[in-house]
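Subject: Structure handover

Hello,

Here is the structure I promised to pass on. Please open it first, then read my notes below.

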Amino acid sequence: MSRWAKYLGLAIPLLGIMSPWHIVNAAALPLVGGLIYGYLAEKRRHVALSPAAALVPVALVLLCYALTNAARLARFLEIFPIFALLWVLFWVVFFTMGATAGYILRHRPVKS
């Protein structure tokens, strides 16, 4: 499998745009994306970098919102900065938890 295949996990949270449920957008899809990312990671270093990797889809979502309606995004961030911060933290935490779980599931020692 390609070494770039693990970055498929970074695209999974972006599917949240199709769901109106906040639990799916903020927790479930980042967890699934992290699980795929961690399962396909070859080294622990990749899992240790998963919090930084989780910021890539966050940046893409914010860029998409900025391109479509920058004034509305700026107003939302000004009025509700705590919600935006919590959203980013949820993505990072759940993506990291999924990456750790995926790495552990893949590299489980086989008992004989």
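In which helix is Ile82 found? Ile82 is found in helix α5. Much of what follows comes back to that helix. Please keep in mind that this is a predicted model.

**Overall layout**

The chain has five helices and zero strands. Read from the N terminus, its elements run α-α-α-α-α. Along the principal axes, the C-alpha atoms fill a box of roughly 60 × 25 × 25 Å. The chain has 112 residues, and 32% of them count as buried. Its exposed area is about 7,700 Å². Carbon and sulfur atoms supply 73% of that area. Now take the contacts between residues at least 6 apart in sequence: 80% of them join residues at least 24 apart.

**Helix α5**

Helix α5 covers residues 81-106. At 1.5 Å a residue, its 26 residues should span 38 Å. The end C-alpha atoms of α5 are 38 Å apart, so the expected span and the model agree.

Which residues of α5 are buried? They are Ala84, Trp91, Val92, Phe95, Gly98, Ala99, Gly102 and Tyr103. The cover over these buried residues includes α1 (8-11), α2, α3 (44-48) and α4 (50-79).

**Aromatic pairs**

A search of the whole structure turns up five aromatic pairs. One of them joins Tyr37 and Phe95. The ring centres of Tyr37 and Phe95 are 5.4 Å apart, with 50 degrees between the planes, and the pair is tilted. This pair links distant parts of the chain. Tyr37 sits in helix α2 (residues 22-40) and Phe95 in helix α5, 58 residues apart.

Are Tyr37 and Phe95 buried or exposed? Tyr37 has a relative accessible area of 3%, so it is buried. Phe95 is buried too, because its relative accessible area is 1%.

Trp87 and Trp91 also pair. Their ring centres are 5.2 Å apart and their planes stand at 55 degrees, so this pair is tilted. Trp87 and Trp91 are four residues apart in helix α5, which means that about one helical turn separates them. Their exposure is worth a look. Trp87 counts as partly exposed, because its relative accessibility is 22%. Trp91 counts as buried, because its value is 4%. The cut-off for buried is under 20%.

Ring pairs also link Phe76, Phe80 and Phe83 into a cluster.

**Three residues to look up**

Start with Ser50, which is found in helix α4. Ser50 is buried, because its relative accessible area is 0%. Which residues does Ser50 contact, leaving aside neighbours within four places in sequence? They are Tyr37, Phe95, Thr96 and Ala99. Tyr37 and Phe95 are the two rings of the tilted pair described above.

Next is His46, in helix α3. His46 is buried, because its relative accessible area is 13%. Not counting residues up to four places away in sequence, His46 touches Lys6, Tyr37 and Ala41. Tyr37 is therefore a contact of His46, and it is itself buried, with a relative accessible area of 3%.

Last, go back to Trp87 in helix α5. Leaving aside neighbours within four places in sequence, Trp87 is in contact with Val58, Val61 and Leu62. Lys43 is 44 residues from Trp87 along the chain. The C-alpha atoms of Trp87 and Lys43 are separated by 28 Å.

**The nonpolar patch**

The surface carries a nonpolar patch of about 930 Å². Phe76, Leu77, Ile79, Phe80, Ile82, Phe83, Leu85, Leu86, Leu89 and Phe90 make it. Helices α4 and α5 each supply at least two residues of the patch. Which helix gives the largest share? That is α5, with six residues. Ile82, the residue I opened with, belongs to this patch. Phe76, Phe80 and Phe83 are patch residues as well, and ring pairs link those three into the cluster noted earlier.

**Where to start**

I would begin with Tyr37 and Phe95, whose rings form the tilted pair. Then turn to the patch residues, Ile82 among them.

Best wishes

Technical notes. Residues are numbered from 1 along each chain as its sequence is written. This is a predicted model: local features need pLDDT of at least 70, side-chain atom pairs count only at pLDDT 80 or more; totals for chains, interfaces and linings use all residues. Side-chain values use heavy atoms; hydrogens and water are left out. Rings of Phe, Tyr and Trp (its six-membered ring) pair if their centres lie within 6.5 Å; planes under 30 degrees apart count as stacked, over 60 as edge-to-face and the rest as tilted. Buried means under 20% relative accessible area, exposed over 50%, partly exposed in between (1.4 Å probe, protein chains only). Contact means heavy atoms within 4.5 Å. Accessible areas come from the Shrake-Rupley method with a 1.4 Å probe; for residues, only the protein chains shown count as cover. The expected span of a helix is 1.5 Å times one less than its number of residues. Patches are made of residues with over 30% relative accessible area and no salt bridge: like charges are joined within 9 Å, nonpolar side chains (Val, Leu, Ile, Met, Phe, Trp, Tyr) within 5 Å. A salt bridge is a side-chain nitrogen of Lys or Arg within 4 Å of a carboxyl oxygen of Asp or Glu.
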